[in-house]
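Grab a pencil and have a go at a few exercises. Try each one yourself before you read its solution.

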Amino acid sequence: MTSTDPNPAATVPPHAPRIRTFHPRRGRMSDRQVDDLDRLWPAYGLTITDDLAAPVDLAALFGRRAPVVLEIGSGMGDATAEMAIDDPNRDYLAVEVHTPGIANLLGLLERHDLGNVRVGRGDALDLVRALPEGSLDAVHVFFPDPWPKSRHHKRRIIQPAHVALLRSRLVPGGTLHCATDWAEYAGSMRETLTADPGLADVHGGYAARPAHRPVTKFERRALTAGRPVFDLIHRRA
Ligand SMILES: C[S@@+](CC[C@H](N)C(=O)[O-])C[C@H]1O[C@@H](n2cnc3c(N)ncnc32)[C@H](O)[C@@H]1O
């Protein structure tokens with residue numbers, strides 16, 4: 001970090017109370033998901049804790065040196081797997097707290113014989129803090145929990161301190177790509193991303209869904225309900 005690259009999140013003392021950005025839901029797993037989780041976790045999984053040893057060695061995690069895309073909140077993982085299949089020259093690090101979604105993605109990795117995906121289980125922000133600065137080619141935040149009530153906005157993943165933290169982990173020129181179907185959150189995201197001094201807006205506002213981003217499970221629900229979708233893509237200067 002330099003004096004011209006303020007990173008407020010990095011200055012939060014470790015004893016500060018933590019505010020969760022996710023609902024602590026467990027969810028039921030099918031027998032197949034239980035089996036996939038047991039068998040495949042050792043090969044693809046990364047356990048995330050709030051004292052994860054930093055810096056995380058991404059080349060060791062993936063077994064090669066390639067540009068890395070971080071996906072925060074991969075849900076059931078279908079979109080993650082699809083992007084990784086279409087983009088074999090980059091590595092994908094998906095992070096989720098929802099165990100059935102993690103298990104589902106692990107099953108997809110085996111079925112598609114995908115070597116360029118790893119799956120983190122835990123709070124994405126704990127992982128991001130432990131990543132080296134300038135280590136990510138892109139960060140994807142697709143349909144994050146909107147936390148619609150005003151008193152819960154502090155739980156949103158896209159807020160100034162988190163954006164500064166995410167930006168610090170991008171390589172110069174790397175992109176932070178957010179998408180939401182929640183119009184008010186889209187406005188807040190746009191404001192926050194535009195206000196960050198180290199990010200430049202690639203499209204000058206909302207973008208249409210780029211071809212490389214598959215329609216996600218949550219997005220399908222939004223489209224069925226007739227809600228518009230907002231993509232925002234900003235680049236680290
Ligand atoms: C609304 S869902 C969207 C899932 C997927 N991206 C999609 O579009 O279908 C948001 C997901 O983000 C996960 N999530 C929220 N905060 C997180 C965090 N701090 N770390 C990891 N996962 C998180 C939730 O568990 C949830 O599965």
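Three exercises follow, and keep in mind that this is a predicted model.

**Exercise 1.** Work out which residues come nearest to the ligand, and which elements help build the shell around it.

*Solution.* Start with the residues: 23 sit around the ligand, and Phe22, Gly73, Gly75, Ala124 and Thr216 come nearest. Next, look for elements that give two or more residues to this shell: you'll find strand E3 (91-96), helix H5 (124-130) and helix H8 (217-224). H8 supplies the largest share, three residues. Finally, sort the shell by class: eleven residues are nonpolar, seven polar and five charged.

**Exercise 2.** How are helix H1 and helix H4 oriented relative to each other, and which residues meet?

*Solution.* First take the axes: those of H1 (residues 31-44) and H4 (residues 99-111) come within 8 Å and cross at roughly 70°. Angles of 65 to 115 degrees count as roughly perpendicular, so that is how H1 lies to H4. Now for the residues. On the H1 side, Arg32, Gln33, Asp36, Leu37, Leu40, Trp41 and Tyr44 take part, and they meet residues of H4 including Pro100, Ile102, Leu106 and Glu110. Split by class, this contact has nine nonpolar, three polar and three charged residues.

**Exercise 3.** Decide: is Leu136 buried or exposed?

*Solution.* Locate Leu136 in strand E5 (residues 136-142). Then count: 25 other C-beta atoms lie within 10 Å, so Leu136 is buried. Leaving aside neighbours within four places in sequence, Leu136 is in contact with Val68, Leu70, Leu131, Arg169, Leu170, Val171 and Gly174.

How values were computed
Residues numbered from 1 in each chain as written. Predicted model: local features only at pLDDT ≥ 70, side-chain atom pairs only at ≥ 80, totals over all residues. Near = placed C-beta within 6 Å. Helix = DSSP H or I, 4+ residues; strand = E, 2+ residues; numbered from the N terminus. Nonpolar A, V, L, I, M, F, W, Y, C, P; charged D, E, K, R; others polar. Axes fitted to C-alpha atoms, helices over the stretch in contact; angles between N-to-C directions. Parallel < 35°, antiparallel > 145°, perpendicular 65-115°, else oblique. Contact = placed C-beta atoms within 7 Å. Buried ≥ 20, exposed ≤ 12 C-beta atoms within 10 Å, placed from the backbone.
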